[in-house]
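Reader: I've got this one open on my screen and I'd like a close look at one spot near the start of the chain. Could you begin there and then walk me outward, so I can see what the rest is built from?

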Amino acid sequence: MRKRTVIIGLILLVIGIAFVAGGVAGLRGTTSAISTFTQPKTGEYVSSEVVLNSTSTLVVRSPSSTGGLVPAQSLSEVNQTSLATYALAANSTRGGSASYVGLKGGDYYYVIFTSSQPTTTIIVTGDLARTIGSGILALIGGVLFLAGLIVTIIGAIRKSDKPKQPPGVTDADYYSKRQDSPPPPPNTTALET
């Protein structure tokens with residue numbers, strides 16, 4: 001019974017690790033981060049191209065007061081004065097982050113007008129349903145891993161159900177000395193002769 005418990009625990013551990021790995025890989029595949037900006041003109045910093053689909057979510061950490069998300073087709077027309085005209089409004093701004101949800105699929109750039117390299121980070125999550133699915137998979141894997149760990153430990157420290165018999169003692173001798181056991185069966189081979 002002890003061995004079976006340990007094996008079940010180890011199986012749960014392996015399944016849990018596989019689920020966590022799959023969930024994390026799925027999350028990495030649907031999430032990307034941009035933290036470096038090029039400087040096409042003095043004082044103007046532009047992110048790499050951000051490709052969004054209709055279910056993508058974009059979060060800008062430490063957004064600049066002189067920056068904004070601009071559609072790719074408007075990039076050449078943006079300058080410090082016209083940025084407010086072309087920049088898209090964020091759906092919410094709280095906790096030092098600006099969130100853009102429900103944008104049309106397409107290409108965008110985050111443009112900042114400042115005198116030094118910005119500390120802004122842009123995080124893009126891909127398909128929302130896939131992101132949620134990957135997160136749930138990782139969560140289930142974590143639960144299975146913990147359950148497997150607990151079952152393995154219980155199986156390893158649990159005492160054997162069968163009482164141990166001292167070496168060199170026969171079953172008949174062992175059971176004859178126990179008061180709560182029935183006496184050993186008679187030796188039928190001796191009676192036959």
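Author: Start with Thr-5, which sits in helix H1, the run covering residues 2-30. Keep in mind as you go that this is a predicted model. Is Thr-5 buried or exposed? It counts as buried, because its relative accessibility is 13% and the cut-off for buried is under 20%. What does Thr-5 touch once you set aside residues up to four places away in sequence? The list is Val-151, Gly-155 and Arg-158. Two of those names, Val-151 and Gly-155, fall within helix H3, which spans 128-157.

Stay on H1 and look at Ile-7, which lies in that helix too. Here the label changes: Ile-7 is partly exposed, because its relative accessible area is 43%. Ile-7 also belongs to a nonpolar patch on the surface, together with Ile-11, Ile-15, Phe-19, Ile-132, Ile-136, Leu-137 and Ile-140. Taken together, the patch residues have about 650 Å² of accessible area. Which elements give two or more residues to it? They are H1 and H3. So that's the outside view of the helices; the chain as a whole exposes about 12500 Å², with carbon and sulfur atoms supplying 61% of it.

Now for the inside. In soluble globular proteins, nonpolar side chains tend to be buried together. In this model the largest nonpolar core has 16 residues, and Leu-58, Tyr-100, Tyr-110 and Ile-122 are the ones with the most contacts inside it. Five strands each supply at least two residues of this core: E4 (50-52), E5 (57-61), E8 (97-101), E9 (106-113) and E10 (121-125). E9 gives the largest share, 3 residues. If you want one residue to click on, try Ile-122. Beyond its neighbours up to four places away in sequence, Ile-122 touches Ser-32, Ala-33, Ile-34, Phe-37, Ser-47, Leu-58, Val-59, Val-60 and Tyr-110. There's also a second, separate core of 7 residues, and Val-46, Tyr-109, Val-111 and Phe-113 are among them.

E9 has a partner worth a look. Strand E6 (67-71) pairs with E9 in the antiparallel sense, over 5 bridges. Within that pairing, Val-70 has Tyr-109 of E9 as its bridge partner. In a regular strand the side chains alternate between the two faces of the sheet. In E6, Gly-67, Leu-69 and Pro-71 point one way while Gly-68 and Val-70 point the other way, and all are buried. E6 is largely enclosed by the rest of the structure, because 5 of its 5 residues are buried.

Part of what touches E6 is Ala-87, found in the loop between helix H2 (83-86) and strand E7 (92-94). Leaving aside its neighbours within four places in sequence, Ala-87 is in contact with Gly-68, Leu-69 and Val-70. Ala-87 still counts as partly exposed, because its relative accessibility is 24%. Measure C-alpha to C-alpha from Ala-87 to Val-111 and you should get 8.7 Å, for residues 24 apart in sequence.

On the other side of the loop question, Ser-62 sits between E5 and E6. Its phi is near 55 degrees, a positive value in a residue other than glycine. Ser-62 is partly exposed, with a relative accessible area of 41%. Compare Ser-97 in strand E8, which counts as buried because its relative accessibility is 18%. Sequence neighbours up to four places away aside, Ser-97 touches Val-59, Val-60, Arg-61, Pro-63 and Ser-92.

What about charges? Side chains of opposite charge can pair when their charged atoms come close. The structure holds 1 salt bridge, formed by Glu-44 and Lys-41, with the closest N and O atoms 3.9 Å apart. Glu-44 counts as buried, because its relative accessibility is 6%.

Zoom back out and the chain comes to 5 helices and 10 strands. Buried residues make up 29% of its 193 residues. Of the contacts with a separation of 6 or more, 77% join residues 24 or more positions apart.

Methods:
Residues are numbered from 1 along each chain as its sequence is written. This is a predicted model: local features need pLDDT of at least 70, side-chain atom pairs count only at pLDDT 80 or more; totals for chains, interfaces and linings use all residues. Side-chain values use heavy atoms; hydrogens and water are left out. A nonpolar core is a set of buried Ala, Val, Leu, Ile, Met, Phe, Trp, Tyr and Cys residues joined through side-chain atoms within 4.5 Å. Buried means under 20% relative accessible area, exposed over 50%, partly exposed in between (1.4 Å probe, protein chains only). Helices (H or I, at least four residues) and strands (E, at least two) are DSSP runs, numbered from the N terminus. Contact means heavy atoms within 4.5 Å. A salt bridge is a side-chain nitrogen of Lys or Arg within 4 Å of a carboxyl oxygen of Asp or Glu. Patches are made of residues with over 30% relative accessible area and no salt bridge: like charges are joined within 9 Å, nonpolar side chains (Val, Leu, Ile, Met, Phe, Trp, Tyr) within 5 Å. Accessible areas come from the Shrake-Rupley method with a 1.4 Å probe; for residues, only the protein chains shown count as cover. Two strands pair if DSSP finds at least two bridges between them.
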